[in-house]
Every structure is written in structure tokens, then in C-alpha cells.
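Here is a short report on one protein model. Keep the sequence and the 3D view open while reading.

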Amino acid sequence: NTRIVLASRPVGEPQSSDFRVETVPVPVPGDGELLLETLYLSLDPYMRGRMSDAESYADPVPLDAVMVGGTVCRVVDSRSPGFAAGDVVLSFSGWQTHSLADARHVRKLDPAAAPVQTALGVLGMPGFTAYAGLLQIGKPKAGETVVVAAATGPVGSAVGQIAKIKGARAVGIAGGPDKVAYLRELGFDEAIDHRAADFAEQLTAACPSGVDVYFENVGGKVWDAVLPLLNTYARVPVCGLVSQYNATAAPEGPDRSSALMGRILTKSLTVRGFIQAEFVRDQYTHFIADMSEWIRDGRVRYREDIVDGLANAPSAFVGLLAGKNFGKLLVKVAE
Ligand code: NDP
């Protein structure tokens, strides 16, 4: 079993020295357990938070422990009546080639229904985050303007496409000309490069009727540009702040939080943070039904960025926080 453990807590951008590759014996399953071989490992921005011991909604990964992460795995050996060798399952086995899982904590996947790795992307946690955050908090109405950044990623691309399905105008923000061109292909009404010198002006021009829903994925200068455009009663599902995850200090300049509170008051804004898990019980079944249908109909399309080999997970993960991925970032660990 090859595995990648957290060697040290990063300061700023994670370094390769923050990770360590180890080889340990393949474990033996006990009663009710499965021995799994990882096929795909999902890399997600939240992992940066787990590397840090700052207070958050989930405990940090302990030093010298395996990095956490969602996985699609093949059952190698089953000690549970519900599973057989060869079954493919969704698990949370982290950055390693083999693992044990409690059979109650994995979900069997049907390879005939959808490519199995979509259970980590468009038909998994990121797709669900978009679906629940947009529909439960953003509540876009026909004709409204929805803005989302990190818009080519698994969360943002689903947000924009679901907004279109609900009859809203979708304005996508991404880094670089290739990503902007892809947003237009996906049917976003406007696509803007946040690296452009006149980004804020372009965003203003793209939102002539203001912004009704801003699905917050990134924070920082994108949020600064969106805030003045928010309409009365605008909704802001706060999903992520990826531009800040490697930050080591508060932004420079005066504290603007009271101006922000003033704006929330005078514009009657709803700014609501969420962790997708809170919606699972009520919304997951609806999500799977709706999303599967939208994918079948071609109304939701998705893109994957697949890196080969577990050893490349650390560099791919560092790249994710810098926008080097183009689509849902996955590591292919085994055939
Ligand atoms: P992505 O695949 O979209 O990857 C992150 C992207 O963020 C990068 O590709 C990059 O895209 C963009 N980015 C990075 N730095 C900046 C910056 N300084 N300014 C603007 N954009 C930047 O990730 P996901 O779709 O998996 O996740 C998107 C967001 O959703 C993240 O914030 C994540 O933490 C959050 N999330 C929250 C969940 C919840 O339950 N609340 C659950 C899942 C995800 P580009 O090149 O276009 O700039």
C-alpha cells in the first residue's frame, strides 16, 4: 500500500515537503469490512483547510496521517454480504492505493449508469454543492442574473448551467482565455477573465441589470467587484473563498467590515454560508434524479482534468489552488 501523509502544516502555498510518500503492508479486512483498491482520488479545495490546524467545520488531518479525500474504489476482498470482489464503490479512503472500509460507509456504484468517476464530480459532492447552494439559498428566478467564479470547476460550471435551466442569465468568471472560451461553449451568457486589468469594468458591463444571485466561490477581488453590483434582495450563497485559502495575513488597507454590514442592511442582502452536508438528507435524492436527467439531456455538461498516478497528487493539489486545473481535478490511481 502506497500512501501520502501530511508531513507538516503548510504556511501559505503548500510545498511538496508538506507531504510524504510511505509504503506500508496492505491491510486485512475484518468482519463487515472491505479491502479497497483506489481507482480515482478526488482533489478538492477543502483539503487545504484540513492541512491547517486553524478552527474550522471539520477537524484537521493529524500530522503523519493519510491525507483525506473522496475516492472511487474497486472491492478487492469483501467480508460483508452486500459486496463482492470487483464491485466499484464510492468511499472516503484518502490519498492511498489500498484501504479498509466499513461496508456501511461506502456506496455501490453502477458503472453502466454513468462513468464511475462522476461520483466524485458532477454526480457527487461538488455537483451537489452547486445544486443545493444555488437552489436552496440562491433561489434564482427566471430573468435574474446569477454570477459565479471558478466557473469552469465542478461547482461553478454546475451553478451556471443550473441557473440557465431555471431561466436565469448566467455570468461566469474564470482565469485565462481558454477557460473563458469554454464558459461560452457551456452556454453562459457572459464570460469574464478575472485576470484582466479592467475586470471590474467588464463585470459591470456584463450585468446591466445588476446581480441577483452571487454564488461565492472565491472571495478577494472578485467579491470586491461584485458587491457594488448586488441588487436589493440579492442572495449570496457563500460556498468557498478559494482565493484566500493560502493567505497568511489579512488583506491590506482599512477594515471594511462595517461598510459591508451597511450594504447588507441597505440592500436587504441575504449572505448565507453553507457546508453542503447540511442539505444531504433533504436534497440528495432530488439532486441525483435532476442531475442525471440534465446530463442525459445534454443540459448539464462537465469536464474532467485527470492526472495520472498517486505520486502526482501533491503537485496537482497545489495547482488546484492556483487555477492550473481545468475541470474537476481527479487523480487516476489504478486502471
Ligand atoms: P475548482 O475546480 O473550481 O478549483 C478552484 C478554482 O478556483 C481554480 O481552478 C481557479 O479557477 C479558482 N481560483 C483560484 N484562485 C483564485 C483567485 N485568486 N481568484 C479567482 N479564482 C481563483 O474547485 P471546486 O469547483 O471543487 O470548488 C469551488 C469552490 O467551492 C471552492 O471555494 C471550494 O472550497 C468550494 N466548495 C465548497 C463546498 C461547501 O460545502 N461549502 C463544497 C465543495 C466546494 P480560475 O483559473 O478560473 O481562476
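Gly 262 sits in helix H7, which covers residues 257-266. This is a predicted model. Gly 262 counts as exposed, because 11 C-beta neighbours lie inside 10 Å, and the exposed class ends at 12. Ala 191 is 71 residues away from Gly 262 along the chain. In space, the C-alpha atoms of Gly 262 and Ala 191 are 30 Å apart.

**Positive phi angles**

Most residues other than glycine have a negative phi. Several residues here depart from that pattern, and the table lists them.

| Residue | Phi | Place |
|---|---|---|
| Asp 64 | near 70 degrees | loop between helix H1 (46-50) and strand S4 (71-78) |
| Lys 139 | about 45 degrees | just after H2 |
| Ser 268 | about 50 degrees | loop between H7 and strand S13 (270-273) |

Are Asp 64 and Ser 268 buried or exposed? Asp 64 has 11 other C-beta atoms within 10 Å, so it is exposed. Ser 268 also has 11 other C-beta atoms within 10 Å and is therefore exposed. The loop that holds Ser 268 begins after H7, the helix of Gly 262.

**A covered helix and a buried strand**

Lys 139 follows directly on H2. That helix spans residues 125-138. H2 is mostly covered, with 13 of its 14 residues buried.

Strand S8 runs over residues 145-148. Which way do its residues point? Thr 145 and Val 147 face one way, while Val 146 and Val 148 face the other. All of them are buried. In a regular strand the side chains alternate between the two faces of the sheet.

S8 is joined to strand S9, residues 169-174, by 4 bridges. The two strands run parallel. Across from Thr 145, in S9, stands Arg 169.

**Two domains**

The protein divides into domain 1 (2-121 + 303-332) and domain 2 (125-277). Their C-alpha centres are 29 Å apart. Domain 1 puts 15 residues into the contact, and domain 2 puts in 13. What classes of residue does domain 1 show to domain 2? The side of domain 1 that touches domain 2 has 5 nonpolar, 6 polar and 4 charged residues.

UniProt places the feature "domain: Enoyl reductase (ER)" at residues 12-331, in an unreviewed entry. Over residues 12-331 the chain is 29% helix and 23% strand. The end C-alpha atoms of that stretch lie 23 Å apart.

**The ligand shell**

How many residues surround the ligand? There are 31. The closest are Gly 153, Gly 175, Gly 240, Ser 243 and Gly 323. Helices H2 (125-138), H3 (154-165) and H6 (220-226) are the elements that give two or more residues to the shell. H3 supplies the largest share, 3 residues.

By class, the shell has 16 nonpolar, 13 polar and 2 charged residues.

Where does the ligand shell lie with respect to the domains? Domain 1 and domain 2 both give residues to the shell, so it lies between them. H2 thus appears twice in this account: 13 of its 14 residues are buried, and this helix is among the elements that give two or more residues to the shell around the ligand.

Key: Residues are numbered from 1 along each chain as its sequence is written. This is a predicted model: local features need pLDDT of at least 70, side-chain atom pairs count only at pLDDT 80 or more; totals for chains, interfaces and linings use all residues. A residue is near a molecule or strand if its C-beta atom, placed from the backbone, lies within 6 Å of it. Ala, Val, Leu, Ile, Met, Phe, Trp, Tyr, Cys and Pro count as nonpolar, Asp, Glu, Lys and Arg as charged, and the others, Gly among them, as polar. Domain bounds come from an automatic or database domain assignment. Two residues are in contact if their C-beta atoms, placed from the backbone, lie within 7 Å. UniProt positions are given in the numbering used here, feature names are shortened, and annotations may be inferred rather than shown by experiment. A residue is buried if 20 or more other C-beta atoms lie within 10 Å of its own, exposed if 12 or fewer, and partly exposed in between; C-beta atoms are placed from the backbone. Two strands pair if DSSP finds at least two bridges between them.
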